[in-house]
Amino acid sequence: LLAPVIALILGATAPPVTAGEISEAEVFFEFNSTDLDLGFDILLDGDPWSYATVTNDDGTIFFVDTGEGLFKKGNTEIVTESAEPPFCEDPEECSDDEINEAIETFQKEFPEGDYEFYVEFKDGTIAREIVTLEHDLPAAPKIRWPRAGVSIRRIKSIRWKDTSEPGDSEIISYEVVAEMVIDGETFKNTAILPGNAKKLTIPPEFMRLAKRAKRGGDLEEFKVEIVARGENLNKTITEVPVFELEEEEEEEEEEE
């Protein structure tokens with residue numbers, strides 16, 4: 001009589017086995033319409049894992065097998081991006097045909113279709129998730145303000161225009177970035193906005209730092225960047241270099 005009772009108690013009190021879960025799994029393209037380069041990105045996030053692969057119909061395109069230290073602790077999030085060979089030596093001289101041919105050639109390495117994430121978690125459980133990759137890139141946002149070369153004192157906001165045409169991938173969000181380099185250090189103000197946004201006010205504190213650095217001769221670069229993300233998760237970037245330290249100024253500083 002005791003054996004069934006003990007088994008019943010053990011069965012009732014034993015903790016359930018919970019499988020690890022994948023919280024994010026993405027594959028997408030990131031196209032810089034200003035510098036004219038294109039990359040392929042992978043994002044994986046979830047419960048602590050020790051091994052992961054991404055495969056398509058052609059085979060394995062990515063895998064991570066953690067070493068001793070990370071095997072014990074487990075990974076959670078990893079983001080990786082392919083090399084981004086430029087389309088042309090001078091982006092301003094690259095024709096539309098050259099751009100389209102370069103995009104098509106690059107994307108052939110990563111065909112449209114299903115990509116499977118296979119993940120082995122630290123607790124020994126396994127999960128799979130299938131995501132779909134598309135080739136369509138969202139339209140490049142047109143930055144209306146600020147323009148290249150304007151005075152830093154005049155910049156209070158960033159404004160842009162959606163250049164999408166019928167049939168283009170719908171833009172679901174914008175990442176808006178104001179970036180400056182002071183004495184070799186990069187500082188950013190970043191915001192993620194919905195796809196119907198057209199303007200972002202830059203915090204006055206950020207711009208005061210830029211103006212102070214410009215007056216002191218410490219500002220090396222100031223630019224704005226808009227990243228449009230399509231409903232298929234692909235991204236298109238537009239940049240405007242508002243201020244860049246002239247080579248003559250750099251040479252004078254080196255001589256001093």
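This passage walks through a predicted model of one protein chain, from its overall make-up to its helices, strands and disulfide.

A good place to begin is the chain as a whole. The protein chain has 256 residues, and 42% of them count as buried. Its secondary structure consists of 5 helices and 13 strands. Contacts that reach across the sequence are well represented: among the contacts in the protein chain with a separation of 6 or more, 61% are between residues 24 or more positions apart.

Two hairpin regions introduce the strands. In one of them, β2 and β3 form a hairpin with 2 residues between the strands. Strand β3 covers residues 59-65, and its antiparallel pairing with β2 runs over 6 bridges. One pair to look for here is Thr53 and Phe63, with Phe63 being the bridge partner in β3. The other hairpin brings together β5 and β6, with 4 residues between the strands. Strand β5 spans residues 113-121 and strand β6 spans residues 126-133; the two run antiparallel and are joined by 8 bridges. Within this pairing, Glu116 has Ile130 of β6 as its bridge partner. The same hairpin holds a backbone detail that is easy to find, as Gly124 takes a positive phi near 95 degrees. For readers tracing these strands by eye, it helps to know that side chains in a regular strand alternate between the two faces of the sheet.

Further along the chain comes an open sheet. Its 3 strands are arranged in the order β7-β8-β11, and their pairing is antiparallel. The edges are formed by β7, at residues 142-145, and β11, at residues 199-201, each of which pairs on one side only. From one strand to the next, the twist averages 25 degrees. Strand β8, residues 157-161, is linked to β11 by 3 bridges in the antiparallel sense. Across this pairing, Ile158 stands opposite Leu200 in β11.

The loop between β8 and β9 contains Asp162, with β9 covering residues 171-182. Is this residue buried, exposed or partly exposed? Its relative accessibility is 27%, so Asp162 counts as partly exposed; the buried class would require a value under 20%, and the exposed class a value over 50%. Leaving aside residues up to four places away in sequence, Asp162 touches Ile171, Tyr174 and Lys198. Ala139 lies 23 residues from Asp162 along the chain, and the C-alpha atoms of the two are separated by 7.5 Å.

The helices can be read in terms of their buried residues. Helix α3 comprises 12 residues, 96-107, and reaches 17 Å from its first C-alpha to its last, close to the 16 Å expected at 1.5 Å a residue. Buried positions in α3 are Ile99, Ala102, Ile103, Phe106 and Gln107. These residues cover an arc of only 125 degrees around the axis, and therefore sit on the same side of α3. On the other side of the helix, Asp97 and Glu101 are exposed. The elements that cover the buried residues of α3 include β1, at residues 22-32, and β2, at residues 37-56.

Helix α4 invites a similar reading. Residues 204-215 make up its 12 residues, which should span 16 Å at 1.5 Å a residue; the end C-alpha atoms are 16 Å apart, in agreement with that value. Here the buried residues are Phe206, Met207, Ala210 and Ala213. Viewed down the axis of α4, they fall within an arc of 125 degrees, so they line one face of the helix. Their cover includes β9, β10 at residues 185-194 and β12 at residues 219-230. Just after α4, Gly217 takes a positive phi of about 80 degrees.

The last feature is a covalent link. The structure holds 1 disulfide, which joins Cys88 to Cys94 with an S to S distance of 1.9 Å. What is the handedness of this disulfide? The torsion about the S-S bond is about 40 degrees, so the disulfide of Cys88 and Cys94 is right-handed. Both cysteines belong to the buried class, which takes in values under 20%: Cys88 counts as buried because its relative accessibility is 18%, and Cys94 counts as buried because its relative accessibility is 11%.

Key: Residues are numbered from 1 along each chain as its sequence is written. This is a predicted model: local features need pLDDT of at least 70, side-chain atom pairs count only at pLDDT 80 or more; totals for chains, interfaces and linings use all residues. Side-chain values use heavy atoms; hydrogens and water are left out. Two strands pair if DSSP finds at least two bridges between them. Axes are lines fitted to C-alpha atoms, for helices over the stretch in contact, and angles run from 0 to 180 degrees between N-to-C directions. A disulfide is a pair of cysteine sulfur atoms within 2.5 Å. Buried means under 20% relative accessible area, exposed over 50%, partly exposed in between (1.4 Å probe, protein chains only). The expected span of a helix is 1.5 Å times one less than its number of residues. The arc is that of the directions from the helix axis to the C-beta atoms. Contact means heavy atoms within 4.5 Å.
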